[in-house]
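Please find below my comments on the structure under review. They are arranged as numbered points for ease of reply.

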Amino acid sequence: MVAQRKGKKRTEQTGKQSEGKKNLVPIFIMGQKYMVPDSLTIQKAMEYAGYQLVRGCGCRGGICGACGTVFRMPDSYRVEVGLACQTVVKPNMYLAQIPFFPANKAIYDIEKLSPTGEVVAKLYPEVFKCVGCNVCTKSCPMDIDVMEYVARAIRGDVAGVAELSFDCVMCGLCAARCPAEEAQYNFAILCRRLYGKYLAPRAKHLAERIREIEENRFEQSLQTLMDADEKTLKELYKQREIEPIMAEEDWTPEDNSFV
Ligand code: SF4
Ligand code: SF4
Ligand code: FES
């Protein structure tokens, strides 16, 4: 179950209690009709209708990708998709949530791979089954050119897939609609992992900071914080220097006792 219904059922009848105050519209959640305010997202409408979301709900802000939803309007044959927390209800929409889609997910040890197209093709051979229909791109709530990154995967361009798929929230809607049964988001995250581990330029400042940590440069500062009482910690927090919004890349606080 993606959701459990709790409490009083707000069907067409009970929803009338608040008519006049709110503009209520009918929607159908898994076949059952409910009257819900027309300003709500699908996610909030489901809760308004009495569902307690125990799966298919995470950040509520369009970031975690947990709330993939399919819906259909009565005057159209088309199946539409969206994130429940970002899509506002439409009168008479029929909807169901698909918080998890069982797409192919390869198991691998990133330490034993190399950043090549052959590796991606071996773990996800179905990538070559793409028929170029572009449904994945049209389904993507993040406006990612999914078909193009699939094409890059076919060409063995690991860095290109990583770059194009960077905003993917792993909602699975592209895979759910794909006629070639691709697992776009799963091989895209493989490419991002390969890129991050083997291809991305190393950050010099990160290497420097790791060296400092290994040399125990911050032990004294950490001990000071651990020994401080709550009042002192609050004062230190209030007094901290905050990086200006338009700071130069090499900005550092004047007091570097804690950095
Ligand atoms: S939906 Fe599937 S088959 Fe169609 S373009 Fe995307 S990956 Fe290729
Ligand atoms: S690429 Fe696929 S999984 Fe990623 S956000 Fe777009 S539709 Fe969702
Ligand atoms: S709840 Fe996280 S994207 Fe909708």
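The points below take up model confidence, domains, core, ligand surroundings and one loop.

1. Confidence. The structure is a predicted model, and its mean pLDDT is 91, with 91% of the residues reaching 70 or more. The exception to be kept in mind is residues 7–19, over which pLDDT stays under 50. For this segment the model has 18 contacts beyond four places in sequence. Where pLDDT is low, predicted coordinates should not be read in detail.

2. Domains. The protein is divided into domain 1, residues 9–97, and domain 2, residues 110–199. Their centres, taken over C-alpha atoms, are separated by 30 Å. The two domains nevertheless touch: eight residues of domain 1 are in contact with nine residues of domain 2. On the domain 1 side, strand β6 (residues 80–83) gives the largest share, three residues. By class, that side holds four nonpolar and four polar residues, and no charged ones.

3. Nonpolar core. The largest nonpolar core has 53 residues, and Val36, Phe187 and Cys191 have the most contacts inside it. Helix α8 (residues 184–199) supplies the largest share of this core, six residues. Because domain 1 (9–97) and domain 2 (110–199) both give residues to the core, it lies between them. Cys191 may serve as an example of the packing: leaving aside neighbours within four places in sequence, Cys191 is in contact with Val120, Ala153, Val158, Val161, Ala162 and Ser165.

4. Surroundings of ligand 1. Which residues come nearest to ligand 1? Of the 15 residues around this ligand, they are Cys130, Cys133, Cys136, Cys178 and Ala180. The elements that give two or more residues to the shell are α4 (135–139) and α5 (146–155), and α5 provides the largest share, three residues. By class, the shell comprises 11 nonpolar, three polar and one charged residues.

5. Surroundings of ligand 2. Ligand 2 is likewise surrounded by 15 residues, of which Cys140, Cys168, Cys171, Cys174 and Tyr185 are the closest. Helices α7 and α8 each supply at least two residues of this shell. The shell divides into 11 nonpolar and four polar residues, with no charged residue.

6. Helix α5. Besides its part in the shell around ligand 1, helix α5 has several buried residues: Val146, Met147, Tyr149, Val150, Arg152 and Ala153. An α-helix has 3.6 residues a turn, so residues three or four places apart point the same way. The cover over the buried residues of α5 includes α3 (117–123), α4, α6 (158–164), α7 (173–177) and α8. Just after α5, Gly156 takes a positive phi of about 80 degrees.

7. The loop after α5. Is Asp157, in the loop between α5 and α6, buried or partly exposed? Asp157 counts as partly exposed because it has 17 C-beta neighbours inside 10 Å, whereas a buried residue would need 20 or more. Not counting residues up to four places away in sequence, Asp157 touches Gly117 and Arg152; of these, Arg152 is one of the buried residues of α5. The C-alpha atom of Asp157 is separated by 25 Å from that of Lys204, which is 47 residues apart from it along the chain.

Notes
Residues are numbered from 1 along each chain as its sequence is written. Chains are lettered from A and ligands numbered from 1 in the order in which they are written. This is a predicted model: local features need pLDDT of at least 70, side-chain atom pairs count only at pLDDT 80 or more; totals for chains, interfaces and linings use all residues. A nonpolar core is a set of buried Ala, Val, Leu, Ile, Met, Phe, Trp, Tyr and Cys residues joined through C-beta atoms within 7 Å. A residue is buried if 20 or more other C-beta atoms lie within 10 Å of its own, exposed if 12 or fewer, and partly exposed in between; C-beta atoms are placed from the backbone. Helices (H or I, at least four residues) and strands (E, at least two) are DSSP runs, numbered from the N terminus. Domain bounds come from an automatic or database domain assignment. Two residues are in contact if their C-beta atoms, placed from the backbone, lie within 7 Å. A residue is near a molecule or strand if its C-beta atom, placed from the backbone, lies within 6 Å of it. Ala, Val, Leu, Ile, Met, Phe, Trp, Tyr, Cys and Pro count as nonpolar, Asp, Glu, Lys and Arg as charged, and the others, Gly among them, as polar. pLDDT is the predictor's confidence in each residue, from 0 to 100.
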